[in-house]
Amino acid sequence: AIKAYGRLRKPYLAKAVFEWFEKDHSSSPDIYLVSSLLYVLAKNRMVEDAEHLFWNEIPRRGLKYNVVTAHSLMYLYARLKRPHDALRLYEMIRKEGLQCTIVTYGILVKALMLSGDPLLHEVAKRIVQSLPEMKLQPTVELFNQMFEYYAATNRADDALEVQRLMQSCKPPVAMNSISYGHLIFCLSRCKKPRQALHWFRRLREQQMATPPKRWSQSTGMQTPPLLIANEYTYMGVLNAYASLRDGQSAVRILSEMMDEQVRVDQNHLATALHACIVSNQLSLAEAVLGAYLHFTQEAPDVVVCNLWLRVLWQQGKDTEGGELLQRMRNQTQGYPLPVLTTYRDVLQHQIVQERWREAEQTFVTIMSQYSHHLRTLGRTQGSMSDAFEILSFALGSHSKAMKRAFDDDVAHGSGWFFAPSIVQALTRAHDDQEEHHSVEAEDQRASTDALNWIPSDAAMFPVTVEMNSTSPIIRFEEDDSV
């Protein structure tokens with residue numbers, strides 16, 4: 001009953017059952033009943049109750065600890081990112097003479113990894129390396145905890161080190177689908193697309209080497225193979241092809257997912273569209289988007305809509321783009337409302353097209369709805385003027401003041417939300433009278449004219465602006481190109 005209430009997320013009823021048993025029965029609860037309650041409390045993050053039961057009530061009742069009881073509290077410490085408490089509990093287990101299992105060390109490694117402390121990460125690796133000396137064979141689940149942490153924190157080199165650690169075990173520990181998924185996703189996020197695709201090929205090779213299905217004697221049914229590329233793995237592959245600007249291969253991956261009966265969601269679709277846009281395969285992007293919406297009958301989310309707008313605008317389909325934007329504003333057929341990124345792309349497109357009146361209206365909309373967010377963004381981006389303040393100079397064609405504000409930000413190497421739009425405005429919003437009567441203004445115009453080469457899809461990526469002795473340098477973080 002206690003565990004049942006725990007599964008229903010009703011820990012207070014589980015406590016009530018325990019108290020009722022203790023009150024109405026002559027026999028006191030044994031360690032197994034206490035362990036069940038502790039498991040429910042820990043699972044529901046009732047920290048004070050769990051710690052009081054483990055550290056105070058069990059000794060007061062004269063009960064002996066067991067390793068299963070300790071696992072519940074140690075796992076709670078791991079989830080709460082309290083590695084030192086987990087280590088203290090581990091030392092208590094050793095002093096009590098309890099036999100630690102591979103599960104014990106797995107939870108301890110999880111607690112050390114989630115701490116975020118590099119020194120504790122090294123302790124976790126040493127624990128894994130010492131397991132054979134304790135006659136314990138490391139399991140792939142233990143290594144997957146390391147993979148998961150490094151994938152979440154974008155640390156590709158550490159993830160590759162974990163793979164080498166698996167191979168150094170005797171016998172070597174084989175990677176499973178989860179291992180491959182974390183490693184591929186981590187490498188793709190860390191801008192190492194070719195390595196990510198290398199590991200995806202290795203996954204495919206191992207899939208080909210294993211039978212497609214296995215017969216389970218216990219259930220009498222066929223079970224799927226152990227190595228299967230799942231949604232998470234394919235997302236890493238799509239990210240890799242987007243980094244390589246290979247839209248055709250990204251679309252081919254979508255087709256493969258459908259053939260393998262792996263669910264294709266709008267995150268996969270958005271990544272494939274992004275790959276098509278940066279590789280200038282706009283017709284392909286439009287065809288894939290149309291096919292997806294036709295077969296799924298889903299309304300696109302805001303990310304897909306933003307990419308759809310870019311596809312239309314880059315093909316010169318301003319009318320269709322305007323209709324899509326209007327559907328978003330009216331929320332027609334479940335379409336999402338425009339967000340700040342939507343208006344940023346709209347503003348950039350209007351500036352490129354020199355539609356200044358419409359750009360001013362868009363700018364007023366941004367100011368009225370998102371001014372607080374932009375000020376917060378400006379503070380988090382380091383020493384800089386507010387992006388919308390600089391852009392207001394651009395829309396007013398106040399070139400001299402605009403360029404002075406721009407140069408101040410360039411000198412600090414700041415990256416801003418509106419950077420590509422500002423650059424476009426700098427090269428187009430001229431004040432001829434000021435520029436022809438000032439040599440200094442002419443020199444500034446010459447330095448900024450070099451920025452005309454920025455492609456229209458630049459706004460999709462974060463940028464950093466640096467200043468050398470003569471001109472600004474725009475560095476795109478997407479592929480580290482200059």
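**Group meeting talk: salt bridges and helix packing in a predicted model**

Good morning. The protein has 482 residues, and 49% of them count as buried. Please keep in mind throughout that this is a predicted model.

Let me begin with the overall picture. The protein contains 25 helices and four strands. Its accessible surface is about 24,600 Å², and carbon and sulfur atoms account for 51% of that surface. As for contacts, take those between residues at least 6 apart in sequence: 61% of them join residues at least 24 apart.

I turn now to charged side chains. Side chains of opposite charge can pair when their charged atoms come close. How many salt bridges does the count come to? The total is 18 salt bridges, and I shall present three of them.

One pair is Arg-61 and Glu-22, whose side chains form a salt bridge with an N to O distance of 2.4 Å. Which parts of the protein does this pair tie together? Arg-61 sits in the loop between helix 4 (47–60) and helix 5 (67–79), while Glu-22 belongs to helix 2 (residues 11–24), so the salt bridge links parts that are 39 residues apart in sequence. Arg-61 is partly exposed, at 23% relative accessibility, and Glu-22 is also partly exposed, at 33%. The two residues do not stand alone: Glu-22, Glu-57, Arg-60 and Arg-61 are linked in a network of salt bridges.

Another pair is Asp-85 with Arg-82, where the closest N and O atoms are 2.7 Å apart. Is Asp-85 buried or exposed? Asp-85 has a relative accessibility of 18% and therefore counts as buried, since the cut-off for buried is under 20%. Its partner Arg-82, at 26%, counts as partly exposed.

The remaining pair I have chosen is Asp-345 and Arg-344, with 3.3 Å from N to O. Here Asp-345 is buried at 5% relative accessibility, and Arg-344 is buried at 12%.

Let us move on to how two helices pack. The axes of helix 15 (residues 266–278) and helix 17 (residues 302–314) come within 9 Å of each other and cross at roughly 25 degrees. Helix 15 is therefore roughly parallel to helix 17, because angles under 35 degrees are placed in that class. The crossing of helix 15 and helix 17 is left-handed. Which residues meet there? From helix 15 come Gln-266, Leu-269, Ala-270, Leu-273, His-274 and Ile-277. On the side of helix 17 are Val-303, Val-304, Leu-307, Arg-310, Val-311 and Gln-314.

Finally, I would like to show two individual residues. Asn-239 is found in helix 13 (residues 231–243). With a relative accessible area of 18%, Asn-239 is buried. What does Asn-239 touch, leaving aside its neighbours within four places in sequence? Its contacts are Phe-185, Ser-188, Arg-189 and Thr-271.

The other residue is His-52, which lies in helix 4. His-52 has a relative accessible area of 39% and is partly exposed. His-52 and Leu-38 are 14 residues apart along the chain, and their C-alpha atoms are separated by 9.8 Å.

To conclude, I ask you to return to the structure and find the network of Glu-22, Glu-57, Arg-60 and Arg-61, and then the left-handed crossing of helix 15 and helix 17. Thank you for your attention.

Terms used. Residues numbered from 1 in each chain as written. Predicted model: local features only at pLDDT ≥ 70, side-chain atom pairs only at ≥ 80, totals over all residues. Heavy atoms only, no water. Salt bridge = Lys/Arg side-chain N within 4 Å of Asp/Glu carboxyl O. Buried < 20%, exposed > 50% of the residue type's maximum accessible area, 1.4 Å probe, protein only. Contact = heavy atoms within 4.5 Å. Areas by Shrake-Rupley, 256 points an atom, 1.4 Å probe, with all protein chains shown as cover. Axes fitted to C-alpha atoms, helices over the stretch in contact; angles between N-to-C directions. Parallel < 35°, antiparallel > 145°, perpendicular 65-115°, else oblique. Left-handed = near helix turned anticlockwise from the far one by under 90°.
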